[in-house]
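Q: Hi! Could you walk me through this structure? I'm new to this, so plain words please.

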Amino acid sequence: IFIEAFGTLVVFYGFYVEPFYIKVVYHTQNTDKLSIGTTLRILHLGDLHVERTTIREIKLNNYINKLKPDIILFSGDILNLSYIEDPASWKDAKEIISQWKAKLGVYFVSGSPAVDTIQAFPEVIRDLPLVWLQDRKMTVHKKKGQAIDIFGVSCTHRPHIDKNTLTTLMKSRSEYYAILLYHSPDLAPEAVKSGIDLQLSGHTHGGQICLPFFGAIMTGSLYGKTFEAGEKQIGNMVLNVTRGIGMEGGGAPRARILCPPEIHLFEILGRGKH
């Protein structure tokens, strides 16, 4: 009876409690590529996976309004895999994203090709106040002489191909602080060689179902648990892998256990010369 009761409690918690509890994770990065006294607040969001607007998405937008980021960067996967062709999901996703505001702009990359399809993704973001970084670089200026480069690479889940896209984009890089926005963490070994300062990714969901002291049972990464979730220093680059906001869909369980949804706020602090 005790085992059955415990199992029922875990199922209830995993399906109806934790998926709606959003954590805000705070990070601080120092860089000589911005002058002393310069601060950039960058909010990293990923894996929205909208089915319908729920209390989770309402909480998300309330957090965004309170955090007041300078820049919002979204690392892909707008719709739930089971709702890719659902017009109601498209409508809800557009309404949710339309409320995202940041002083210096909102920037997106597409996620997994099976989720952010070539049919759905452009239509969902059409007419929204955001910039789709489809294999291109955007230089964002906070003030005169103070800027960052954001490189957006579309994810094919074939790093040996996507690294060529990154290499081509990096030919236009400057001495500004460089951020790579790419759906999967699996490009990190190539990104660090290219001189990227901060890579923002998702895709793994942190595993969604985790075990105490072990973490994710499965990750969806070619590198297994190496890039499971969180922040990792790789050479001179920081990799940030978000657990995401929504859940995958398809045959994957609509549950989170020891792996709550999260958003990440970075404060990039300048320590260079004026």
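Q: Where does T204 lie?
A: Happy to help! This is a predicted model. T204 is in the loop that links strand 9 (198-201) with strand 10 (210-211).

Q: OK, and is T204 buried or exposed?
A: T204 is buried, because its relative accessible area is 5%, and buried means under 20%.

Q: So what is T204 in contact with, leaving aside its neighbours within four places in sequence?
A: The contacts of T204 are P185, T219, S221, F227, E228, V241 and T242.

Q: Let's switch to the sheet. What order do the strands have in the open sheet of six strands?
A: The order is 6-7-8-9-13-12, and the pairing is mixed.

Q: Which ones are the edge strands?
A: Strand 6 (136-143) and strand 12 (230-234) are the edge strands, and each of them pairs on one side only. From one strand to the next, the twist averages 20°.

Q: What holds paired strands together, in general?
A: Strands of a sheet pair through backbone hydrogen bonds, in either a parallel or an antiparallel way.

Q: Then do strand 7 and strand 8 pair in the parallel or the antiparallel sense?
A: Parallel: strand 7 (residues 146-152) and strand 8 (residues 177-181) pair over five bridges. To find one of these on screen, look at G152, whose bridge partner in strand 8 is L181.

Q: Which helix lies across strand 7?
A: That's helix 5 (residues 159-170), which lies across strand 6, strand 7 and strand 8. Helix 5 runs at about 150° to strand 7.

Q: New topic: what about the phi of H49?
A: H49 has a positive phi of about 50°, although H49 is not a glycine. Most residues other than glycine have a negative phi.

Q: Where is H49 found, then?
A: Look in the loop between strand 2 (39-45) and helix 2 (55-67). H49 is buried there, because its relative accessible area is 0%.

Q: And H157, what is its phi?
A: H157 isn't a glycine, yet its phi is positive, at about 65°. H157 sits in the loop between strand 7 and helix 5. With a relative accessible area of 29%, H157 is partly exposed.

Q: Last one: which residues make the nonpolar surface patch?
A: V11, F12, Y13, F15, Y16 and V17 make a patch of about 580 Å². Among them, Y13 is in helix 1 (residues 2-16).

Q: How is Y13 placed, buried or exposed or partly exposed?
A: Y13 is partly exposed, because its relative accessible area is 36%, which lies between the 20% and 50% cut-offs.

Note on methods. Residues numbered from 1 in each chain as written. Predicted model: local features only at pLDDT ≥ 70, side-chain atom pairs only at ≥ 80, totals over all residues. Heavy atoms only, no water. Patch = residues over 30% accessible without salt bridge, like charges linked within 9 Å, V, L, I, M, F, W, Y side chains within 5 Å. Areas by Shrake-Rupley, 256 points an atom, 1.4 Å probe, with all protein chains shown as cover. Salt bridge = Lys/Arg side-chain N within 4 Å of Asp/Glu carboxyl O. Helix = DSSP H or I, 4+ residues; strand = E, 2+ residues; numbered from the N terminus. Buried < 20%, exposed > 50% of the residue type's maximum accessible area, 1.4 Å probe, protein only. Contact = heavy atoms within 4.5 Å. Pairing = 2+ DSSP bridges. Axes fitted to C-alpha atoms, helices over the stretch in contact; angles between N-to-C directions.
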